[in-house]
Amino acid sequence: MSENNLKWRLGDMQITLVREILSETDPAQMFHKSYNADDVAKHESWLKPHFLNDNGLFHLSIHAFVLESEGQTIMVDTCLGNRVIPGYDRISNIGDGFLTALADAGYEPADIDTVVCTHLHFDHVGWNTVLKDGEWVPTFPQARYLFGRQEYEFWAGAEEKGFAFTFGDAVQPVVDAGLADLVDSDHQVTGEVWLEPTPGHTPGHASVRLSSGGEEGVITGDMAHHPIQFAEPQWGMDADEDPQMATQTRRDFAKKYGDTDVTVFGTHFGGPTCGHIRSAGESWEFRAEAVAG
Ligand SMILES: [Zn+2]
């Protein structure tokens with residue numbers, strides 16, 4: 001375990017966060033189309049300190065979740081990888097700190113049985129592959145990689161790859177190596193882990209539902225990047241392919257999981273990463289909570 005790991009237990013499942021990057025970002029830039037300073041002020045009391053700092057910056061994490069479920073070791077999303085990210089110098093060629101954090105958590109790449117990508121944007125597929133002798137090859141040689149069929153077909157057929165611009169070196173080589181399974185957006189991974197369609201951010205986007213020993217959880221993927229979006233679902237990002245659908249999905253998600261025992265694990269949330277959506281007047285707030293680990 002290191003500062004780039006967090007661990008929880010959910011029923012019989014073990015959940016481990018493996019972090020690649022934790023940064024602070026200006027919400028006015030991150031959500032530049034929908035940012036509203038009044039919204040931030042309105043929610044400051046529950047956003048601070050985990051999701052908003054004293055300088056008005058949001059915390060943004062890039063991490064994977066490793067799930068131990070029914071004898072399977074499952075990685076959900078694979079971060080950036082060690083590669084050039086065009087237009088993003090700060091996160092290009094960042095080295096293999098992610099694999100170190102994975103090792104600190106007790107896993108070697110060969111331990112991973114299943115990789116799940118919630119969608120195929122560049123910060124969710126990066127460590128699918130590594131560059132070896134000038135060729136991009138699968139990082140997790142023993143794994144089946146699960147890509148949403150609708151998601152894969154959309155980006156494979158898209159002339160403009162948008163934020164899936166690493167499709168050619170982080171997705172297609174896995175398919176070419178015969179390690180990919182194209183699955184439905186509600187695919188059952190184990191008896192305790194299944195996909196739940198949450199489209200809008202991308203057409204085939206899926207969240208990951210967890211249920212074990214009477215305890216319930218859900219991994220957001222990018223249906224939300226920051227907890228303020230549960231309270232203000234109209235806050236979207238440029239990366240939302242269908243802004244209207246993304247907003248509706250956030251609204252539906254908060255309604256479905258708000259005031260329930262379902263622990264929400266945020267794919268880009270900082271701080272304790274997980275918590276519960278709770279009603280607050282006409283709106284929602286996100287109460288960060290550690291799960292007994
Ligand atoms: Zn993302």
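Helices, as the word is used here, are DSSP runs of H or I with at least four residues, numbered from the N terminus. With that in mind, glycine 178 can be placed just after helix 6, where this glycine takes a positive phi of about 80°. The model in which these elements are seen is a predicted one, and the paragraphs below go from the chain as a whole to its core, its strands, its helices and a few points of the backbone.

The chain holds 8 helices and 16 strands. Its radius of gyration is 18 Å, close to the 19 Å that the globule rule gives for 293 residues, and the chain is therefore as compact as a globular protein of that length. Taken along the principal axes, the box filled by the C-alpha atoms is roughly 55 × 45 × 35 Å. Of the 293 residues, 47% are buried. Among the contacts with a separation of 6 or more, 67% are made by residues 24 or more positions apart.

The interior can be approached through the largest nonpolar core, which has 73 residues, and in which Phe65, Val76, Val115 and Val208 have the most contacts. Strand 3 supplies the largest share of this core, with 6 residues. Valine 208 shows what such contacts look like from a single residue: leaving aside its neighbours within four places in sequence, valine 208 touches Val76, Val116, Thr118, Val193, Leu195, Val218 and Ile219.

Strand 3 (58-69) also leads into the pairing of the strands. Strand 3 and strand 4, the latter made of residues 72-76, run in the antiparallel sense and are joined over 5 bridges. Phenylalanine 65 has valine 76 of strand 4 as its bridge partner, and both of these residues were named above among those with the most contacts inside the largest core. The hairpin of strand 3 and strand 4 has 2 residues between the strands, and in this hairpin glutamate 70 takes a positive phi near 50°. Strand 4 pairs in addition with strand 5 (residues 114-116), in the parallel sense and over 3 bridges. In that second pairing, isoleucine 74 stands opposite threonine 114 of strand 5.

The helices can be read by asking which of their residues are buried. An α-helix has 3.6 residues a turn, so residues three or four places apart point the same way. In helix 6, which covers residues 167-176, the buried residues are Ala170, Val171 and Val174. Seen down the axis, these buried residues fall within an arc of 75°, so they line one face of helix 6. The face turned away from that buried side carries the exposed residues Gly168 and Asp176. The buried residues of helix 6 pack against helix 4 (122-125), strand 6, strand 7, strand 8 (144-148) and strand 9 (180-183).

Helix 8 offers a second case, with 15 residues from 243 to 257 and a reach of 21 Å from its first C-alpha to its last, close to the 21 Å expected at 1.5 Å a residue. Its buried residues are Ala246, Thr249, Arg250, Phe253, Ala254 and Tyr257. They cover an arc of only 130° around the axis, and therefore lie on the same side of helix 8. On the face turned away from this buried side are the exposed residues Gln244 and Lys256. What covers the buried residues of helix 8 includes strand 13 (215-219), helix 7 (228-231), strand 14 (263-265), strand 15 (274-280) and strand 16 (283-288).

A few points of the backbone remain to be pointed out. Aspartate 259 follows helix 8 and has a positive phi, near 55°. Its place is in the loop between helix 8 and strand 14, and aspartate 259 is exposed, with 12 other C-beta atoms within 10 Å. Aspartate 133 likewise has a positive phi, near 50°, in a residue other than glycine. It is found in the loop between strand 6 (129-132) and strand 7 (135-138), and aspartate 133 is exposed as well, with 5 other C-beta atoms within 10 Å. Elsewhere in the chain, the peptide bond from lysine 48 to proline 49 is cis, with omega near 0°. Proline 49 lies in the loop between helix 2 (37-47) and strand 3.

How values were computed
Residues are numbered from 1 along each chain as its sequence is written. This is a predicted model: local features need pLDDT of at least 70, side-chain atom pairs count only at pLDDT 80 or more; totals for chains, interfaces and linings use all residues. The expected span of a helix is 1.5 Å times one less than its number of residues. A residue is buried if 20 or more other C-beta atoms lie within 10 Å of its own, exposed if 12 or fewer, and partly exposed in between; C-beta atoms are placed from the backbone. The arc is that of the directions from the helix axis to the C-beta atoms. Two residues are in contact if their C-beta atoms, placed from the backbone, lie within 7 Å. The radius of gyration is taken over C-alpha atoms; the globule rule is 2.2 Å times the number of residues to the power 0.38. A nonpolar core is a set of buried Ala, Val, Leu, Ile, Met, Phe, Trp, Tyr and Cys residues joined through C-beta atoms within 7 Å. Two strands pair if DSSP finds at least two bridges between them.
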